[in-house]
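Work through the exercises below with the model open beside you, and try each task before reading its solution.

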Amino acid sequence: AEKSRPQGRPPREETTDIRQQIMNAAVDLFAQQGYAATSVRIIAERVGVNPAMIHYYFGSKEARLHAALEQALEPLAEAVAAMQRQQEAPLEEIISLIIGAFASRPSLPILMTREVMLPGGMLQEHFKKNFAHRLGGALPQLLLGEQTQGRLKAGLDPRLVAQVLFGLCAFPFISRSLAEPVLGVSYDDEGIRKIENNIKELLQKGFYP
């Protein structure tokens, strides 16, 4: 029979792996059923650890929610920062960046919708303080630079373009539970590439032939 995990502090070599498993489970569960309905016990059962271990790594439930968002969004924020340093942000690259982030963490757009975007979301204030300027605030400035260089159509509002880009890239993942069985949309690697390419084609040429 499989030995149960010993109580107390885990060995050093296990720390990163266990913490990552807890983070992955927390992101998925907070997205699937919301912050209020996700208890420490549920997360512990998903990972197969004692609830006390989750308290050891993260402390309060709110701290786990903040850590889950930060872990999921940090790679995207760093990629946007790299574009700022390069002072170049082609729409195609922005789309690939956002789709890539969501494809690697499919629960992220659902978590953001549930706990950041909707009224009363538990992560709204934390997002405003720690990520709004690095994502929602940074992207319009990048797009303004593209507009200044003549690579984005004049007259468009970069703030609204940023909003549309996030919406186009996020909604296929938000709607997956219906899009997959009802519309037959595929979410394997080939399907994700098709979603990405269709968004790029739409932005380049629109709906009309």
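The exercises that follow treat two pockets, one helix and one backbone angle.

This is a predicted model, in which local features need pLDDT of at least 70 and side-chain atom pairs count only at pLDDT 80 or more, while totals for chains, interfaces and linings use all residues. Residues are numbered from 1 along each chain as its sequence is written, and side-chain values use heavy atoms, with hydrogens and water left out.

**Exercise 1.** Describe the largest pocket by its volume, its lining and the elements that contribute to it.

*Solution.* Begin with the volume, which is about 520 Å³; a pocket is an open set of points on a 1 Å grid over the protein atoms alone where a 1.4 Å probe fits, with protein on both sides within 12 Å along at least five of seven lines, and lining residues have an atom within 4 Å of a point. Next, find the 18 lining residues, of which M117, A162, Q163, F166 and G167 are the closest to the centre. Then assign them to elements: α6 (107-117) and α9 (158-174) are those that give two or more residues, helices being DSSP runs (H or I) of at least four residues, numbered from the N terminus. The largest share, 9 residues, comes from α9. Finally, sort the lining by class, which gives 13 nonpolar, 4 polar and 1 charged.

**Exercise 2.** Repeat the analysis for the second largest pocket.

*Solution.* The space in the second largest pocket comes to about 280 Å³. Its lining holds 15 residues, and P172, V185, Y187, G191 and I195 are the closest to its centre. Two or more residues come from each of α9, α10 (176-183) and α11 (189-205), with α11 giving the most, 5 residues. By class, the lining divides into 9 nonpolar, 5 polar and 1 charged.

**Exercise 3.** Which residues of helix α2 (residues 40-47) are buried, and how are they arranged about its axis?

*Solution.* First apply the cut-off for buried, under 20% relative accessible area with a 1.4 Å probe and protein chains only, which V40, I43, A44 and V47 meet. Then look down the axis of α2, where these buried residues fall within an arc of 100° and so line one face of the helix, the arc being that of the directions from the helix axis to the C-beta atoms. Just after α2, G48 takes a positive phi of about 85°.

**Exercise 4.** Locate Q87, and state its phi and whether it is buried or exposed.

*Solution.* Q87 lies in the loop between α4 (61-86) and α5 (91-104). Its phi is positive, about 55°, although Q87 is not a glycine. Most residues other than glycine have a negative phi. At 67% relative accessibility, Q87 counts as exposed, a label that requires over 50%.

Definitions and conventions
Grid points are joined across faces, edges and corners, and a volume is the space filled by probe spheres set on the points. Ala, Val, Leu, Ile, Met, Phe, Trp, Tyr, Cys and Pro count as nonpolar, Asp, Glu, Lys and Arg as charged, and the others, Gly among them, as polar.
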